[in-house]
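The following exercises concern salt bridges, cysteines, a helix and an annotated segment. Each task is followed by a worked solution.

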Amino acid sequence: MVYRGKPSAGCEACRRAKKRCTLEVPACLRCVKLRKDCSGYRDTTELQIQDESEAVKRKALKQKVRQTTAATYLLAPPAAQALSGTLTPASTNSDSSSGSDEATEIVMHSSSWSDDGGIETYGYDRNLALVSRSGSVPLGFSMRPLAAEVATTHFFNQFTASGHWNFLRIFRQNDRIDPCLDLAIRACGMAALDNVEYVSIGRDYARTMYIEALGLLNAALRDPERSKTDESLLAVAMLGYYENLVCDSRESIQSWKAHIAGATQLLKIRGPAQFRSLIGRTLFRETRVQIMIHCIWDDLQPPSFLWDWQDELQAQSVEWHIARPADELIEICYEFAKIRARVERRTVRDEEALAKVNEIDRRMVRWSINTMTNSGALWHYTTMEVPDDPNIWNGMVHVYHGNPAPSCWNTFRSMRILVTRSQEWLCRRLPIFTDAERTEQTAHFRQVRRQMTDEICAGTPAALGHAPSPAYNNPAVLVSAYGSIWPLFFAGTCALERLGTTKWDAFRETPSQTTKASAASAQAAWLLGRLEHISSVVGLKWAAGIASALKGDFTLHTDLMPDEIDDSWGLEIGHHDGATPAWLKRMQEARRARGQLPLLVGGGRTVIGDRIS
């Protein structure tokens, strides 16, 4: 399906004469004056979307024939078009910068040979020449790759690896790439490349591919059968990645939420039948993690099907001996999300809620012990000391043995940070504890959070490709970096918590002068640096939006309770009568007034999306 714009609704006589049709019924005024029969008017809604399936198939066949008889690249004559380099998409593991003098640029050149096979791309798939911006002496020839090839190559280098979406390589080798999926791959690949190495047409090309893919995806989702395919779910995931690749504003979290909500509905539509294939099970598990983080973040009741289908998922999973720890952890997170939602809605007493959260914390501790000792080498990790390295915090790095252990362990640490926050929050509200007991409990919870923060720091290098040999590095850096954003954020809130409001404000204003003041400020600077690295070097701009939340005017998640409280906040924490604190009342009133949960609160302001009140 292709969107063709808004056509004219006029009668045939007016369209032929290129005159404005007055659209009267039963005949237009012009036809009446000319005493002509009026043909009536067209249904423009049917003309806006056209089925291009057959045309796409014909173009794909033509392209396949062309590729068997022609070279993939053309050599330009040794003239003004000659170039000083060849195209090598920048590795996101390097410290390359889009501002480098040696950065390369893809420039459009007109040519009689163009890639007219496959999907309509508005001329972007004509020959592309690579030029150097340094003005150095050109070589005697140049290679002119197609934009689609550049984008696709970068995508497969950064998004796929053994253990992650490697089936996409098989799809492509066997010409099984769905047109919508192909466009989404191009959009993500070019957007990621443009973020780290300036490409002259990169942004426009990626945006065009995104819009075309979105149109095809909407058509696929209206089809009861196509909406259930793995390709459709993959396309939804990739278009979500595209939004995160190009997003760098406060709306980034809202954009992430919107895509997770859409993916949740698609998982539900697909039903347990999706577990019949390894691809379907893999996509379900990946999406499920994001759903759980969303539910816990916003105190939402998690979808019941995530639990109801667990037995079917296990029964269909021949790989369950590998996936078991991840499935067990998600089950614990599901129970945690449920109790948080009940606390938010006041459908459970604080005493009962605290008992349940304490049991969840014990289950998480047992999970970590069992996973380390009884789940095989893939899930076991060791801690290695390394020399000073700016990419490694405090000279400590975790040595893993492969996917999905690094991301799963950091998910565990993030969840345990949130569990201890709920424990501390509930203990402060209950009148049953003495001041001494409350102080002791608070110290324990914050010690746990500090440990989880240090472990997130040690587990991050493997995700960003910075773990030294023989430690495992995820080859699909862009995907593993995406999975590191939330753990880095939650770890950052713990560093903020240790600094307190006054020190955090000083750190935010002059970080270079305050990073040596304490271990907490140094760690906060390192965590922010990792988010900035993901944004500028890996090319995932969403990380910049998350970092801006940490660097804001003491912007906090609703759970976070700093050591030092400014009087202007009026945060009445630790009431012994069990009454709702004033700060929580303000947030609850904001929820009721706006019909939604405030995203962040800070500095006496409530931030919802891009609105500040």
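**Exercise 1.** Determine which residue forms a salt bridge with Lys-338, and where the two residues lie.

*Solution.* In this predicted model, the partner of Lys-338 is Glu-335, with the closest N and O atoms 4.0 Å apart. Both residues belong to helix α14 (residues 320-344), where they are three residues apart, about one turn of the helix. In an α-helix there are 3.6 residues a turn, so residues three or four places apart point the same way. Lys-338 is partly exposed at 28% relative accessibility, and Glu-335 is partly exposed at 25%.

**Exercise 2.** Identify the salt bridges that Glu-497 forms with Arg-421 and Arg-446, and state which helices they tie together.

*Solution.* Step one concerns Arg-421: its salt bridge with Glu-497 has closest N and O atoms 3.9 Å apart. Arg-421 lies in helix α16 (residues 405-429) and Glu-497 in helix α18, so this pair ties together parts that are 76 residues apart in sequence. Step two concerns Arg-446, whose closest N and O atoms with Glu-497 are 3.8 Å apart. Because Arg-446 lies in helix α17 and Glu-497 in helix α18, the pair ties together parts that are 51 residues apart in sequence. Step three considers burial: Glu-497 is buried at 3% relative accessibility, Arg-446 is buried at 14%, and Arg-421 is buried as well. Finally, a network of salt bridges links Arg-421, Glu-424, Arg-428, Arg-446, Arg-449 and Glu-497. The whole structure contains 24 salt bridges.

**Exercise 3.** Explain why Cys-14 and Cys-408 form no disulfide.

*Solution.* A disulfide requires two cysteine sulfur atoms within 2.5 Å. For Cys-14, the closest cysteine sulfur is that of Cys-11 at 3.5 Å, which is too far for a bond. For Cys-408, the closest is that of Cys-333 at 8.6 Å, again too far for a bond. Cys-14 is buried, at 0% relative accessibility, and Cys-408 is buried at 9%. The count of disulfides in the model is zero.

**Exercise 4.** Compare the span of helix α9 with the expected value, and assess its burial.

*Solution.* Helix α9 (residues 230-246) has 17 residues and reaches 25 Å from its first C-alpha to its last, close to the 24 Å expected at 1.5 Å a residue. Of its 17 residues, 15 are buried, so α9 is largely enclosed by the rest of the structure.

**Exercise 5.** Describe the segment that the UniProt record annotates over residues 10-39.

*Solution.* The unreviewed UniProt entry annotates residues 10-39 as "domain: Zn(2)-C6 fungal-type". Over these residues the chain is 37% helix and 0% strand, with its end C-alpha atoms 9 Å apart.

Technical notes. Residues are numbered from 1 along each chain as its sequence is written. This is a predicted model: local features need pLDDT of at least 70, side-chain atom pairs count only at pLDDT 80 or more; totals for chains, interfaces and linings use all residues. Side-chain values use heavy atoms; hydrogens and water are left out. Buried means under 20% relative accessible area, exposed over 50%, partly exposed in between (1.4 Å probe, protein chains only). Helices (H or I, at least four residues) and strands (E, at least two) are DSSP runs, numbered from the N terminus. The expected span of a helix is 1.5 Å times one less than its number of residues. UniProt positions are given in the numbering used here, feature names are shortened, and annotations may be inferred rather than shown by experiment. A salt bridge is a side-chain nitrogen of Lys or Arg within 4 Å of a carboxyl oxygen of Asp or Glu.
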